[in-house]
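Reader: Please take one part of this structure and go through it closely. I would like the aromatic contacts, with the cut-offs behind each term.

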Amino acid sequence: MAEIQRNSTGLSGEYFVAAELLRRGFSVGITMGNAKAIDILAEKDDKKFVIQVKAIYKRKNNGWPIMKERINLNHYYIFVSLNADQMSAPDFYIATGQEAYDQCRQYSTRGIITISTLNKSELVNT
């Protein structure tokens, strides 16, 4: 199986989320560039959503690296597993900034939100 470049995983996740939002009737704008704080701006029924997408290429990676101090409580976070190792449709989990903050395990040099933590929570899993 061909691997995509590491820096393309995030962009693949963003495009997947944008497509899914469009399919569900949202107006969507994708911001471009590396290391940005906002990935997607979405709107539906006069409600606006600021979204940060975190993507992993393989489900076996088990989690998304994220520093707890960088989580914005006013944003939504969508965690995407592209499932390239299983060749199945991507899975995604939607969290408010507070939910992402609460689910993040912070260590001295890194933070992570794991699939098992998201599966046990009441977050939207599709």
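Author: What follows covers the aromatic pairs, then a few side-chain contacts and a pocket. This is a predicted model, in which local features need pLDDT of at least 70 and side-chain atom pairs count only at pLDDT 80 or more, while totals for chains, interfaces and linings use all residues. Residues are numbered from 1 along each chain as its sequence is written, and side-chain values use heavy atoms, with hydrogens and water left out.

A search of the whole structure finds six aromatic pairs (rings of Phe, Tyr and Trp, the last by its six-membered ring, with centres within 6.5 Å; planes under 30 degrees apart are stacked, over 60 edge-to-face, the rest tilted). W64 and F79 form a tilted pair, at 5.4 Å centre to centre and 55 degrees between the planes. This pair links distant parts of the chain, since W64 is in strand β4 (residues 63-65) and F79 in strand β5, 15 residues apart (helices, H or I of at least four residues, and strands, E of at least two, are DSSP runs numbered from the N terminus). W64 and F79 are both buried (under 20% relative accessible area with a 1.4 Å probe and protein chains only; over 50% is exposed, in between partly exposed).

W64 also pairs with Y93: the ring centres are 6.0 Å apart and the planes are at 70 degrees, so this pair is edge-to-face. Because W64 lies in strand β4 and Y93 in strand β6, the pair ties together parts that are 29 residues apart in sequence. W64 has 0% relative accessibility and therefore counts as buried; Y93, with a relative accessible area of 1%, is buried as well. W64, Y77, F79 and Y93 form one aromatic cluster.

Another ring, that of Y101, has K68 over its face at 4.7 Å from the ring centre (NZ of Lys or CZ of Arg within 6 Å of the centre and within 35 degrees of the ring normal).

Strand β5 also holds S81, which counts as buried because its relative accessibility is 0%. The side chains of S81 and N83 are joined by a polar contact of 2.7 Å (N or O atoms within 3.5 Å; within protein, one able to donate a hydrogen and the other to accept it, and sequence neighbours count only if both are side-chain atoms).

Aromatic residues also appear in the lining of the second largest pocket, including F16, F26, F49, Y76 and F92 (an open set of points on a 1 Å grid over the protein atoms alone, where a 1.4 Å probe fits, with protein on both sides within 12 Å along at least five of seven lines; lining residues have an atom within 4 Å of a point). α1 gives the most to this lining, with four residues.
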